[in-house]
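Reader: I am new to this structure and would love a close look at one small part of it. Could you pick a single residue, tell me how it sits, and then lead me outwards from there?

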Amino acid sequence: MNDRIVLGIETSCDETAAAVYSNQHGILSSKLFSQVALHSQFGGVIPEVASRSHIEKITHITQEALHAAGKTLDDIDVIAVTNKPGLPGSLLIGVCFAKTVAWAKQKKIIGINHLEGHIFSACIEYTIPFPFLCLTASGGHTSLYIVRHLGDYQPLGQTADDAAGEAFDKIAKLLQLPYPGGPVIEKLAQQMHFQDFYHYPRGAPKTLQFSFSGLKTAVLYDLVKLGYYDLATRTFSDAMNEQVKQEVASSLLVAIKDIFAQKITHALSLHPVKAIAFVGGVACNKFIKKSLKDIAQKHQLLFFSPSAQYCTDNAAMIAFVGNYKAAQGKFDSYDLDIY
Ligand code: KG4
Ligand code: ZN
């Protein structure tokens with residue numbers, strides 16, 4: 001068979017990304033512009049700022065990806081673009097860009113579900129045996145899936161409110177720590193040797209649904225109770241110091257690690273699988289990763305997690321999904337819309 005070259009485009013949130021995938025050689029390039037610095041001053045993503053940055057960067061990032069892959073638009077067979085879910089204004093930039101290029105160059109186009117991209121992101125670097133259990137955890141989503149084949153997956157549970165990454169981000173903001181919260185909370189927790197000081201609630205163990213919004217409330221009310229925070233004036237007392245932040249960070253990380261461990265253990269008791277995959281931005285967290293790897297080992301299962309560049313949002317995972325959808329003939333028309 002002739003090689004198939006897929007251009008992946010991802011603009012669902014705050015990363016403008018493009019990647020080139022070859023059916024025969026795998027990922028040829030993966031480039032992105034992260035908007036983290038633009039949003040950090042606000043403590044979270046501002047949709048209008050995100051869209052404007054995407055429109056400024058998308059052409060350049062795509063050119064960079066093509067150049068790094070040693071390809072031109074003429075070499076591309078298929079354009080795969082994230083069209084759901086995400087910030088509407090941001091998705092529209094990627095989809096309009098992809099449609100324009102596809103129409104001008106008469107290329108095939110496929111709309112990709114961002115979550116499907118994350119689910120299969122671990123398959124870019126590893127051959128994972130099916131069926132496997134996949135925990136996706138990032139700033140916008142936290143879900144558990146059973147994955148039976150490429151493109152064949154079923155959700156077992158998802159979050160009823162905040163995503164796990166969102167809990168890290170919101171609590172970091174509460175503690176006046178920089179955005180994104182996950183990496184900085186991991187660093188502070190490490191300084192406390194991952195001890196659990198405050199015993200935040202873990203939720204019900206025998207359900208596959210997640211809920212993280214209670215954690216923020218628990219942290220807030222604990223700080224109030226201990227006299228570190230005044231709710232009326234929304235200010236910290238002088239007693240609130242670096243050590244308290246470290247203790248909260250450490251306790252929070254241990255709580256989220258325990259919640260994931262509970263869900264995975266419960267899912268394993270219901271569904272026989274051959275492996276566990278941990279993906280999404282939160283999968284950059286080494287402490288949580290180690291805990292899930294230990295669970296896999298205990299159950300004599302293989303464990304996979306992508307390298308950091310494929311955990312956080314990227315276009316390589318979009319191109320990867322685009323490639324197997326193209327193999328299955330699942331193309332879209334130039335009417336492709338966002339959802
Ligand atoms: O997948 P991603 O780049 O974007 C979304 O689709 O949301 O994930 C970003 C999220 C943020 O909430 C960030 O705090 C979290 O991933 N994150 C981490 C770590 N690195 C990033 N959470 C915990 N520990 C980390 N080391
Ligand atoms: Zn994502």
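Author: Let's take Thr-142, which is buried because its relative accessible area is only 1%. Here buried means under 20% relative accessible area, exposed over 50%, and partly exposed in between, with a 1.4 Å probe and protein chains only. Please keep in mind that this is a predicted model, in which local features need pLDDT of at least 70, side-chain atom pairs count only at pLDDT 80 or more, and totals for chains, interfaces and linings use all residues. As for conventions, residues are numbered from 1 along each chain as its sequence is written, chains are lettered from A and ligands numbered from 1 in the order in which they are written, and side-chain values use heavy atoms, leaving out hydrogens and water.

Thr-142 belongs to strand E7, residues 142-149. Helices (H or I, at least four residues) and strands (E, at least two) are DSSP runs, numbered from the N terminus. A polar atom of the Thr-142 side chain lies 2.8 Å from the backbone nitrogen of Ala-164. That counts as a polar contact, a pair of N or O atoms within 3.5 Å; within protein, one must be able to donate a hydrogen and the other to accept it, and residues adjacent in sequence count only if both atoms are side-chain atoms.

What else touches Thr-142, apart from neighbours within four places in sequence? Its contacts are Thr-136, Ala-137, Gln-158, Thr-159, Ala-163, Ala-164, Phe-210, Phe-212 and Phe-260, where contact means heavy atoms within 4.5 Å.

Some of these partners lead us on to other elements. Strand E6 (132-137), helix H5 (164-174) and helix H8 (242-270) are among the elements that cover the buried residues of helix H9. H8 has 29 residues and spans 43 Å from its first C-alpha to its last, close to the 42 Å expected; the expected span is 1.5 Å times one less than the number of residues. Of those 29 residues, 22 are buried, so H8 is mostly covered. At its start, a side-chain oxygen of Asn-241 comes to within 3.1 Å of the backbone nitrogen of Gln-243.

H9 itself runs over residues 286-298, and its 13 residues reach 18 Å, close to the 18 Å expected. Its buried residues are Phe-287, Ile-288, Ser-291, Leu-292, Ile-295 and Ala-296. Where H9 starts, a side-chain oxygen of Asn-285 reaches to within 3.1 Å of the backbone nitrogen of Phe-287. Just after H9, Gln-300 has a positive phi of about 55 degrees.

Asn-285 also brings us to ligand 1. With Gly-139, Asp-169, Gly-182 and Glu-186, Asn-285 is one of those that come nearest among the 21 residues around ligand 1, counting a residue as near if one of its heavy atoms lies within 4 Å. A polar side-chain atom of Asn-285 is 2.9 Å from a nitrogen atom of ligand 1. On the backbone side, an oxygen atom of ligand 1 is 3.2 Å from a polar atom of Gly-165, and an oxygen atom of ligand 1 is 3.0 Å from one of Gly-182. The protein covers 90% of the 550 Å² of accessible area that ligand 1 has on its own; such areas come from the Shrake-Rupley method with a 1.4 Å probe, and for residues only the protein chains shown count as cover.

Two peptide bonds deserve a look on the way. Most residues other than glycine have a negative phi, and most peptide bonds are trans. The bond from Phe-130 to Pro-131, however, is cis, with omega near -10 degrees, and Pro-131 lies in the loop between helix H4 (114-119) and E6. Tyr-179 and Pro-180 are also joined by a cis bond, with omega about -5 degrees; Pro-180 sits in the loop between H5 and H6.

Tyr-179 touches His-39 in turn, as do Asp-14 and Val-45, among others. His-39 is found in helix H1 (residues 36-40) and is buried because its relative accessible area is 0%. The side chains of His-39 and Gln-35 share a polar contact of 2.8 Å.
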